[in-house]
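Me: I am new to this structure and would love a close look at a single part of it. Could you walk me through the aromatic rings and their surroundings?

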Amino acid sequence: MNGFFFVPLHAYFVKMLKTVRIYGILLMLMCASVSAHAQWRTYLLEIGLQGGASYYVGDANNHIFMNPREAYGLHLRYKFTKRWALQAKLSGQRIVGHEYKITGERLDSKWENRLFNADAMAEFNFFRFGSLNKYDKRIRPYTPYIFLGLGASLYHDMAKKGENKWTTAGYIPLGIGFKWRFADRWGMNIAWQHNIYFSDDIEAQSELNDRHHLNGWNWMNCDLTGMLTVGIVFECVPAPKPCRICNW
């Protein structure tokens with residue numbers, strides 16, 4: 001009887017020991033993962049790619065997201081503090097609208113134009129954004145942010161009928177976004193950017209360029225473009241450690 005009793009009891013303890021060992025290994029891996037997450041390094045510079053949709057608001061389109069087309073870009077972001085950063089970006093977008101006669105009659109056909117933009121923008125994070133560490137619980141791996149800056153755009157222009165040339169115009173880029181750092185050195189950005197131009201001729205259509213003869217003094221008559229993009233970022237150039245033994 002004793003042999004029949006101890007054999008299943010021994011098998012039960014062996015099975016329980018294996019189960020405890022498996023859960024212990026999983027717990028150690030989870031702790032290591034959390035520890036690694038809490039010890040993410042702080043990086044000063046990041047490079048990112050983004051893509052999404054663009055639109056144009058002007059003499060041919062009266063509302064945002066009318067005739068949306070593709071948008072894409074590349075950016076560099078330098079982080080001065082947990083709150084402030086500077087972003088330099090190169091982007092391209094395609095805008096589309098309906099054609100019009102000189103008399104103002106709308107036609108069924110459409111036009112399109114490509115714009116290549118370069119801008120620099122200051123960013124402000126609503127939360128203290130950066131790598132998690134046990135010394136500052138206010139830091140978060142995500143934050144909404146706002147940005148404002150200056151930029152210049154290169155695009156086609158048709159000042160005279162049959163003439164097609166490249167021209168430039170300045171603009172004010174501004175908007176809102178959301179940042180999320182989901183892994184060490186990797187993150188995501190969502191941004192909704194508006195470019196307020198200092199001109200009224202980005203349509204590349206002579207019938208739409210300064211239709212109301214208000215250029216030069218009425219900045220409310222200028223064209224506007226927008227981009228809604230999602231991007232992936234990679235961080236580089238680690239920040240100096242606050243002390244020799246610190247790992248954050």
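Is Tyr78 buried, partly exposed or exposed, and why does it count that way?

Reply: Happy to help! Please keep in mind that this is a predicted model. Tyr78 counts as partly exposed, because its relative accessibility is 37%. For that label the value has to fall between the 20% under which a residue is buried and the 50% over which a residue is exposed.

Let's set the scene before looking at its ring partner. The protein chain holds 1 helix and 10 strands, and from the N terminus the order is α-β-β-β-β-β-β-β-β-β-β. Of its 248 residues, 37% count as buried. The accessible surface comes to about 14,800 Å², and 68% of that belongs to carbon and sulfur atoms.

Now for the rings. Across the whole structure, a search finds 13 aromatic pairs. One of them joins Tyr78 and Phe80: the ring centres are 5.0 Å apart and the planes stand at 75°, so this pair is edge-to-face. An angle over 60 degrees is what earns that name. Phe80 has a relative accessibility of 55%, so Phe80 counts as exposed.

Another pair, Trp186 with Phe234, is tilted, with 4.9 Å from centre to centre and 55° between the planes. Trp186 belongs to strand S9 (residues 186–197) and Phe234 to strand S10 (residues 224–238), so this pair ties together parts that lie 48 residues apart in sequence. Both partners are partly exposed: Trp186 has 37% relative accessibility, and Phe234 has a relative accessible area of 27%.

Rings also gather in a group here, as Tyr55, Phe65 and Trp192 form one aromatic cluster. Some rings have a charged neighbour over the face. Arg77 lies over the face of Tyr145, at 5.8 Å from the ring centre, while Arg140 lies over the face of Phe127, at 4.2 Å from the ring centre.

Let's return to the stretch around Tyr78. Leu76 sits in strand S2 (residues 69–79), and with 44% relative accessibility Leu76 counts as partly exposed. Setting aside residues up to four places away in sequence, Leu76 touches Glu46, Ile47, Leu86, Gln87 and Ala88. One of these, Leu86, is 10 residues from Leu76 in sequence, and the C-alpha atoms of the two are 8.3 Å apart.

A similar look at strand S7 (residues 142–157) brings us to Leu148. Beyond residues up to four places away in sequence, Leu148 touches Met121, Ala122, Ile172, Pro173 and Leu174. Leu148 and Ile172 are 24 residues apart along the chain, yet their C-alpha atoms are separated by 7.4 Å. For the protein chain in general, among contacts between residues at least 6 apart in sequence, 65% join residues at least 24 apart.

Finally, aromatic residues appear in the interior too. The largest nonpolar core has 12 residues, among them Tyr56, Tyr100, Trp111, Tyr155, Tyr171 and Tyr197. Strand S3 (84–100), strand S4 (106–125) and strand S8 (165–183) are the elements that give two or more residues to this core. Ile95 is another member of the core. Leaving aside its neighbours within four places in sequence, Ile95 is in contact with residues including Tyr55, Tyr56, Trp111, Leu115 and Ile202. Tyr55 is also part of the aromatic cluster with Phe65 and Trp192, so you can follow that contact from the core to the cluster.

Note on methods. Residues are numbered from 1 along each chain as its sequence is written. This is a predicted model: local features need pLDDT of at least 70, side-chain atom pairs count only at pLDDT 80 or more; totals for chains, interfaces and linings use all residues. Side-chain values use heavy atoms; hydrogens and water are left out. A nonpolar core is a set of buried Ala, Val, Leu, Ile, Met, Phe, Trp, Tyr and Cys residues joined through side-chain atoms within 4.5 Å. Buried means under 20% relative accessible area, exposed over 50%, partly exposed in between (1.4 Å probe, protein chains only). Helices (H or I, at least four residues) and strands (E, at least two) are DSSP runs, numbered from the N terminus. Contact means heavy atoms within 4.5 Å. Accessible areas come from the Shrake-Rupley method with a 1.4 Å probe; for residues, only the protein chains shown count as cover. Rings of Phe, Tyr and Trp (its six-membered ring) pair if their centres lie within 6.5 Å; planes under 30 degrees apart count as stacked, over 60 as edge-to-face and the rest as tilted. A charge sits over a ring if NZ of Lys or CZ of Arg is within 6 Å of the ring centre and within 35 degrees of the ring normal.
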